[in-house]
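The following exercises train the reading of a protein structure step by step. Please try each task before turning to its solution.

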Amino acid sequence: MSNELLKIKNLSTSFRIGDEYYAAVDDVTLTLNKNEVLGIVGESGSGKSALAFSIMRLHTRAKIEGEILLNNQNIVKMSTSKLNKIRGDEMAMIFQDPLTALNPLMPIGRQIEENLFLHNKKLGQQGRKKRTIELLNLVGIPRPERVYEQFPHELSGGMRQRIIIAIAIANDPELLIADEPTTALDVTIQAQILDLVRELKEKIHAGIILITHDLGVVAEMADRVAVMYAGQIVEIAPVDKLFANPLHPYTRSLLNSVPAEGQDRLHVIQGVVPTLKNLPRTGCRFAERIPWIDASHHEEHPELHEVESGHFVRCTCYEHFYFPDNKEEQANGVS
Amino acid sequence: MWKFIVRRLLITIPQIIILSIIVFILAQMMPGDALSGLIDPSIDPAAVEQQRERLGLNNPWYIQYVDWVGGILQGDFGQSFRFKMPVTELIGQRMVNTVLLSVVTLIFTYLIALPLGLISGRFNDTLLDQAITGYTYIGFATPLFIFSLFMLWIFGYNLGWFPTSGSVAPGTEPGTIAYWLSKVYHALLPGISIALIQVVSTVQYLRSEIIDTKQKDFIITARAKGAGEQRVYNKHIFRNSLLPIAAFFGWEITTLITGTVFVEKIFSYPGMGLLFLESITQRDFSVANSLVLLFGTAQIMGALLSDIILSIVDPRIRIK
Ligand SMILES: Nc1ncnc2c1ncn2[C@@H]1O[C@H](COP(=O)(O)OP(=O)(O)OP(=O)(O)O)[C@@H](O)[C@H]1O
Ligand code: SF4
Ligand SMILES: [Mg+2]
């Protein structure tokens, strides 16, 4: 059998706004191998969650085109009953906001057990409880017996995120999607949750899609990185190659936005991701955010090109790019 | 939870005291007093004055208030001027009827509200939902007493399926099963009429509550676990949506007890509401005041009940 766990082919996810559909994920193609960690980075609104939700097929009102193959089974076309066998079992997800992702009226223990119950009927009541306590221990919950009986509002945000992680890994999923698992948390708690994810990465043997804003985390944990902008992958490469040789102007601007030592201001490229409705659908989507580049350099239909083994970038004219306000740093950082 | 309930109970005490003071002031402002209901106008004024002194009616107001409260606590609400009987006895008879009517109404309200609200929330924007929503709009637009008249006319007079007045068939032996069946039978038509109109707010509330809960993040979590639609609804959406409805319950009871006034009139149903109307038109103030006191107390108790129910079903309150 091949080593390929997830293969996404020409995936487009569109939402209806008014009378028309607009693609929040636009023609994304990527693969994830077993046990591999793929980082996905991109600004707010670039379609990272939309992609993650598409893989889990959690969108209720979206038009999804293309293929999502998990162990060669197409999730896009799958029957709901088959889908429900896979969700929570073969694939699972950790959500962005732990404060709202748990049922406020259900004790913690039951929320974890529900996942066990749905996919492992052989496990009895006792077995489920035993496994739940085990999971609570695994995700670093102190006094699991007590937390088992508690309700979400009695736990802190960090604790709740641990519970959500416990739910996700309950059935040893092969694919684990973590959608910005720390964004909603305090900085100190963020570090703890990241430690946990790091630790679990060694323990659970899952292919992981790690969505984050934190390039430091990506550099440390991911094997490969995909950079998303306006619903598209603009650059995807093994992690060392991406950091050593970022080619797309957007990737470069993101790398620049990592706070360097002694520098308190983030260097973020000016402007924001355009809203779905206002996305330029022809020509390069990023062009409008680098107005100082001579228009003649832009491509009409930028496609992903392989520039070195495993390193794809949606641009052939990257050599023309520069950032006018701090070229020196650029030269040092990029080398 | 107990802490919360005790604290909540303590709040009701000042509420009730304030209510009683207001009712007492009302009673003082109205013409006549406990005596005027009892005595014959031809009796010698001097003798009346002597009686007044004896009954404490010439005492300062605060002593009278304490006496009055003391009497109420012992179940003495004074005398009815019109019926020439103790108010307590009079209200007691009527209260049984109103409570019965309220229970019947409540049962029908929930029998109608739960399925309609759940269906229309779950399948929102389908034809079925539109039909149910249409009904709620009609319900909102229809005045209860006109609808009651209409029901009475169709099912009471035209079809003859239900009695058109009273609370029990004449001649039935009190306390027998036949007597109670007859009582329920008499409460049925007014109860259903109130329920059909009053239910619409609960239906709409439940509907929007479900539509709201449906798109909460924890529902996505449940789906991500592989829970099927049925399970998502039964275990996650319904429970969370029913919570505010449970809190409604106490409130619903009070609006029923105090709000059936005109319906009782239309169905000539001898409950507290009808008694209230009669006592006002007949200037039977001791009765009217006692009823205001009871209605007010019911209101306070209903709110208390709502909060207690909520504290039992909602763990977020239970803990505090
Ligand atoms: N259900 C929806 N209906 C309509 N538009 C949507 C929906 N979900 C997402 N979008 C739009 O799709 C785009 C991508 O959103 P998405 O949530 O995937 O961004 P993201 O990369 O996850 O951002 P963040 O870092 O803030 O989580 C945004 O413009 C968003 O407004
Ligand atoms: S160079 Fe090419 S890909 Fe890049 S911004 Fe211009 S057109 Fe877009
Ligand atoms: Mg997101």
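The exercises below concern a predicted model, and each is followed by a worked solution.

**Exercise 1. The build of chain B**

Task: State how many helices and strands chain B has, and describe its extent and its domains.

Solution.
Step 1. Begin with the secondary structure: chain B contains 13 helices and zero strands. Read from the N terminus, its elements accordingly run α-α-α-α-α-α-α-α-α-α-α-α-α.
Step 2. Turn to the extent. The C-alpha trace of chain B spans about 85 × 55 × 35 Å along its principal axes.
Step 3. Divide the chain. Domain 1 of chain B covers 19-85, and domain 2 of chain B covers 90-317. Their C-alpha centres are 37 Å apart.

**Exercise 2. The boundary between the two domains of chain B**

Task: Characterise the boundary between domain 1 of chain B and domain 2 of chain B by its contacts, its buried area and its count of salt bridges.

Solution.
Step 1. Count the contacts: 16 residues of domain 1 of chain B touch 18 residues of domain 2 of chain B.
Step 2. Consider the area. The size of an interface is often given as the accessible area lost when the parts come together. Here the two domains of chain B bury about 1400 Å² between them, with 70% of it on carbon and sulfur atoms. Within domain 1 of chain B, the residues that lose the most area to domain 2 of chain B are B:Leu19, B:Phe77 and B:Arg82, which together account for 37% of what that side buries.
Step 3. Look for charged and polar pairs. Between domain 1 of chain B and domain 2 of chain B there are zero salt bridges, and the count of residue pairs in polar contact, both at pLDDT 80 or more, is also zero.
Step 4. Identify the elements involved. On the side of domain 1 of chain B that touches domain 2 of chain B, helix H1 (2-29) and helix H3 (61-73) of chain B are the elements that give two or more residues. H1(B) provides the largest share, five residues.
Step 5. Sort this side of domain 1 of chain B by class: 12 residues are nonpolar, three are polar and one is charged.

**Exercise 3. The interface between chain A and chain B**

Task: Describe the interface of chain A with chain B, and name a salt bridge that crosses it.

Solution.
Step 1. Count the contacts: 26 residues of chain A meet 22 residues of chain B.
Step 2. Give the area. About 2200 Å² is buried between chain A and chain B, and carbon and sulfur atoms give 60% of it.
Step 3. Examine the charged pairs. Side chains of opposite charge can pair when their charged atoms come close. Two salt bridges are counted between chain A and chain B. A salt bridge joins the side chains of A:Glu114 and B:Lys225, at 2.8 Å from N to O.
Step 4. Add the polar contacts: 13 residue pairs, both at pLDDT 80 or more, are in polar contact between chain A and chain B.
Step 5. Locate the elements. Helix H1 (48-56) and helix H3 (108-119) of chain A each supply at least two residues of the side that touches chain B. The largest share, six residues, comes from H3(A).
Step 6. Sort the side of chain A that touches chain B by class: 13 residues are nonpolar, nine polar and four charged.

**Exercise 4. A salt bridge within chain B**

Task: Explain which parts of chain B are tied together by the pair B:Glu278 and B:Arg94.

Solution.
Step 1. Establish the pair. B:Glu278 and B:Arg94 form a salt bridge, with their closest N and O atoms 3.3 Å apart.
Step 2. Place the partners. B:Glu278 belongs to helix H11 (residues 272-281) and B:Arg94 to helix H4 (residues 87-122) of chain B, so the pair ties together parts that are 184 residues apart in sequence.

**Exercise 5. The surroundings of ligand 1**

Task: Which residues are closest to ligand 1, and which side chains have polar atoms by its oxygen atoms?

Solution.
Step 1. List the surroundings. Ligand 1 is surrounded by 14 residues, the closest being A:Ser44, A:Gly45, A:Ser49, A:Ala50 and A:Glu180.
Step 2. Take the distances one by one. An N or O atom in the side chain of A:Ser44 is 2.4 Å from an oxygen atom of ligand 1. For A:Ser49, a polar side-chain atom lies 2.7 Å from an oxygen atom of ligand 1. For the side chain of A:Glu180, the distance from an N or O atom to an oxygen atom of ligand 1 is 2.6 Å.

Conventions: Residues numbered from 1 in each chain as written. Chains lettered and ligands numbered in written order. Heavy atoms only, no water. Domains from an automatic or database assignment. Contact = heavy atoms within 4.5 Å. Buried area = accessible area lost by both parts, 1.4 Å probe. Salt bridge = Lys/Arg side-chain N within 4 Å of Asp/Glu carboxyl O. Polar contact = N/O pair within 3.5 Å; in protein donor to acceptor, adjacent residues only side chain to side chain. Helix = DSSP H or I, 4+ residues; strand = E, 2+ residues; numbered from the N terminus. Nonpolar A, V, L, I, M, F, W, Y, C, P; charged D, E, K, R; others polar. Near = heavy atom within 4 Å.
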